[in-house]
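Let's take a walk through this model together, starting with the big sheet of strands and working outward from there. Keep the structure open as you read.

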Amino acid sequence: MTNERRPNVLFFFVDNLGMGELGCYGGGVLRGADTARIDSFARDGAQMLNFAPESQCTPSRSALMTGRHAIRSGNHSVPLGGQPYGLVAWERTLADVLTDDGYDCALYGKWHIGASEGRWPTDHGFDVFYGPPESYDQCLWETDPWYQPERDGVSHLLEGFKGQGEPTRIKQLTYDVKRNAGREYVDRAKAFMASSAEKGTPFFVHFNHPLMHLPNVPSDEYRGSSGHGDWADCLLELDGHFGELLDHLDDLGIADSTIVVFFGDNGNEEQLLHRGTGGYWSGSYFTGMEASLRTPCLVRYPGHVKEGMVSNEVVHITDLYPTVLGWTGSDVPTDRIIDGVDQREFLAGTTDESAREGFLFWNGPKLFGVKWRNFKMGLVDQKDFWDAPKDLIFPRIINLETDPQEREPVNHRYLHTWTLNHFARLVAAFEKSVQQEPLIPMGAPLDHVPNAEPSAQPETRT
Ligand SMILES: [Ca+2]
C-alpha cells in the first residue's frame with residue numbers, strides 16, 4: 001500500500017476514565033459538565049458500551065501497544081519503587097509496525113511500560129516522546145512536607161527522539177506542571193500532525209491526556225469553567241482538548257483520512273479526593289468489577305466505521321492492534337501470540353456481532369475471572385481498589401443483564417452453571433497458548449525472548 005492511501009491514526013487515550021463521566025455514557029451534565037464535543041463525536045462513529053481495558057495503567061498500555069494480554073509481556077502490574085520493568089526488545093508495538101510502513105509516530109504523555117535503556121517509547125517505534133516516565137501521582141511529591149528531593153528523588157517531564165538514547169529531562173513534574181501538561185501535549189501534537197500532513201507522510205499520534213488521573217485539578221485554561229468544581233472543570237478540559245484536536249484535523253483537511261479513537265486506559269479512579277464514577281456499573285479500577293472491565297471507547301473512521309453505531313458487544317483493548325493495522329494495510333506479526341482480534345467488519349456494521357465472545361481478566365498476576373457474552377465468572381471477591389481480595393470457594397456466575405450491579409453471588413432461579421463450559425473453554429485456550437509461548441516474567445532482561453527460555457514460565461494461578 002502506498003503512503004497516499006494509508007490513513008493517519010490518532011489515539012486520544014484518557015487516564016482512569018470511568019463509565020459514568022461523559023454525557024454519551026449517562027454522565028455529562030449529571031457530573032456538572034456538558035461534554036458536548038465528545039458526545040457529538042460519539043454519533044459520528046461507533047460507541048462501544050462493552051469495551052474492556054485491563055485493570056491497571058501499565059497492563060492496559062502494554063496490551064494496547066502489543067495486542068497481547070499484559071500477563072504475556074510481564075507488564076501485568078504497575079511497577080512500584082524502581083523495580084525493573086517494561087517491554088522487552090522482542091515485543092512489536094503498534095509504533096514499531098507503523099514505523100516500518102513509513103509512518104511518523106509520536107507519543108505525548110504517559111508511557112509507563114519501561115523507563116530504562118531500550119524500553120523507552122523512542123526504542124519502540126516512536127520518533128518523538130514528550131511526557132513523564134511513569135505516573136502522575138509523582139507530581140504530588142513536592143507538596144508533601146516529608147519529601148526531600150535530594151534524598152527521595154525527583155520526577156521529570158522528559159523529551160526523547162528516536163536514535164538519541166535516553167530522553168532529556170525538561171522540567172520537574174510538579175503539581176502545576178501536571179495541571180497544565182494537557183495544554184502542552186495538545187500544542188505539540190498539533191504541530192506534529194501539521195508537519196506530517198505537510199510532508200504527505202501518514203502519522204500515528206498516541207495522545208495520552210493527564211486527566212482523569214489524580215490529582216484531578218483543572219489547568220489554568222479551564223479553572224472555574226464549569227461552575228461545578230474541579231472535577232467538572234476537568235471533564236470540560238478533556239472535552240475542549242479533544243475538540244481542539246478534531247478541529248485541527250478539519251483545518252488540515254485530513255479528518256476523513258484519519259482513524260480517531262477516543263478511549264480510556266482503565267476504569268474510574270477510587271482515591272477519595274479524586275474519585276470518579278463507573279456510572280451504571282459498580283466498583284473501581286484495580287478490581288474485576290464491571291466498572292473496572294469497561295471504559296468508554298469511541299471510534300471514527302469515515303467510510304469504514306458505521307456512523308451512529310452503539311453496541312454492547314464485547315471488544316477488548318488488544319483488538320485495536322490488529323484492527324488498526326488492518327486499516328493501515330500493515331502486517332500483523334505472525335511469530336507470536338496476539339490476543340487481539342480484527343474488529344473491522346463489526347465496526348463497519350457488516351455484522352452485528354463482535355469477533356470475540358469474551359476474555360480473561362487479571363488483576364496483577366492473578367486471574368480474577370472470565371467474561372463471556374453477558375455473563376461473567378468471578379474467581380475473586382473485591383469491589384473497590386482498597387478492598388482485600390478474597391478467593392471464592394466456587395466461581396461466581398453473574399448475568400450482567402439481570403444483575404448489572406453484581407449484587408447476587410448466583411442467580412437462584414437459573415444458576416447458569418452451563419456457562420462454565422464456555423468459561424472453561426476460554427481458559428483452556430489461554431493455557432494452551434501459554435504452552436506454545438511461555439509468559440515473559442515481570443522484570444525480564446531486555447534481550448529476553450520467550451521461546452528461547454521455556455523454563456522461564458512463571459506461575460499463572462489459573
Ligand atoms: Ca490509568
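Begin with the open sheet of 10 strands, which has mixed pairing and runs in the order E7-E6-E5-E4-E8-E1-E9-E10-E2-E11. At its edges stand strand E7 (168–172) and strand E11 (309–311); each has a single partner strand, so one side of each is left without a neighbour in the sheet. Ignoring direction, neighbouring strands here are turned against each other by 10 degrees on average.

Before going further, a word on how far to trust all this. What you're looking at is a predicted model. Its protein chain has a mean pLDDT of 95, with 97% of the residues reaching 70 or more. The stretch to be wary of is residues 453–462, where the pLDDT is below 50, although the model still gives this stretch 17 contacts beyond near neighbours in sequence. Where pLDDT is low, the predicted coordinates shouldn't be read in detail.

Back to the sheet, and to strand E10 (297–300) in particular. E10 runs antiparallel to E9, with 4 bridges joining the two, and it is also antiparallel to E2, this time through 3 bridges. You can pin down the register on both sides: Val 260 stands opposite Arg 300 in E10, while Met 48 has Cys 297 of E10 as its bridge partner. In a regular strand the side chains alternate between the two faces of the sheet. In E10, Cys 297 and Val 299 point one way, Leu 298 and Arg 300 point the other, and all of them are buried.

What lies over this part of the sheet? Helix H1 (residues 36–44) does: it lies across strand E2 (46–48), strand E9 (258–264) and E10, and it runs at about 60 degrees to E10. Elsewhere in the sheet, strand E5 (residues 128–131) and strand E6 (residues 156–161) are antiparallel and joined by 4 bridges, with Val 128 standing opposite Phe 161 in E6.

Now for the inside. The largest nonpolar core has 108 residues, and those with the most contacts inside it are Ala 189, Phe 204, Val 205 and Phe 262. Helix H8 (residues 229–252) gives the most to this core, 10 residues. Domain 1 (3–348) and domain 2 (358–456) both contribute residues, so the core lies between them.

Two phenylalanines are worth a closer look. Setting aside neighbours within four places in sequence, Phe 204 is in contact with Val 9, Leu 94, Ala 95, Leu 98, Tyr 103 and Cys 105. The other, Phe 242, sits in helix H8. Is Phe 242 buried or exposed? It has 23 C-beta neighbours inside 10 Å, so Phe 242 counts as buried. With the same neighbours in sequence left aside, its contacts are Phe 12, Arg 37, Ile 38 and Phe 262. Phe 242 and Phe 12 are 230 residues apart along the chain, yet their C-alpha atoms are separated by 7.3 Å.

Helix H2 (residues 57–66) is another enclosed piece: 10 of its 10 residues are buried, so the helix is largely enclosed by the rest of the structure. Among those buried residues are Arg 61 and Met 65. The cover over them includes helix H3 (70–73), helix H4 (94–100) and helix H10 (320–327). Just after H2 comes Gly 67, with a positive phi near 75 degrees.

That leaves the domains. Taken over C-alpha atoms, the centres of domain 1 and domain 2 are separated by 25 Å. Across the boundary, 33 residues of domain 1 are in contact with 33 residues of domain 2. H3 and helix H9 (290–293) each supply at least two residues of the side of domain 1 that touches domain 2, and the largest share of that side, 3 residues, comes from H3.

Finish at strand E13 (residues 358–363), where 6 of the 6 residues are buried. Both of its faces are covered, with Gly 358, Leu 360 and Trp 362 on one side and Phe 359, Phe 361 and Asn 363 on the other. E13 runs antiparallel to strand E14 (residues 366–372), joined to it by 6 bridges, and Leu 360 stands opposite Val 370 in E14. The hairpin these strands form has 2 residues between them, and there Gly 364 takes a positive phi near 65 degrees.

Conventions:
Residues numbered from 1 in each chain as written. Predicted model: local features only at pLDDT ≥ 70, side-chain atom pairs only at ≥ 80, totals over all residues. Buried ≥ 20, exposed ≤ 12 C-beta atoms within 10 Å, placed from the backbone. Pairing = 2+ DSSP bridges. Contact = placed C-beta atoms within 7 Å. Axes fitted to C-alpha atoms, helices over the stretch in contact; angles between N-to-C directions. Core = buried A, V, L, I, M, F, W, Y, C linked by C-beta atoms within 7 Å. Domains from an automatic or database assignment. pLDDT = per-residue confidence, 0-100.
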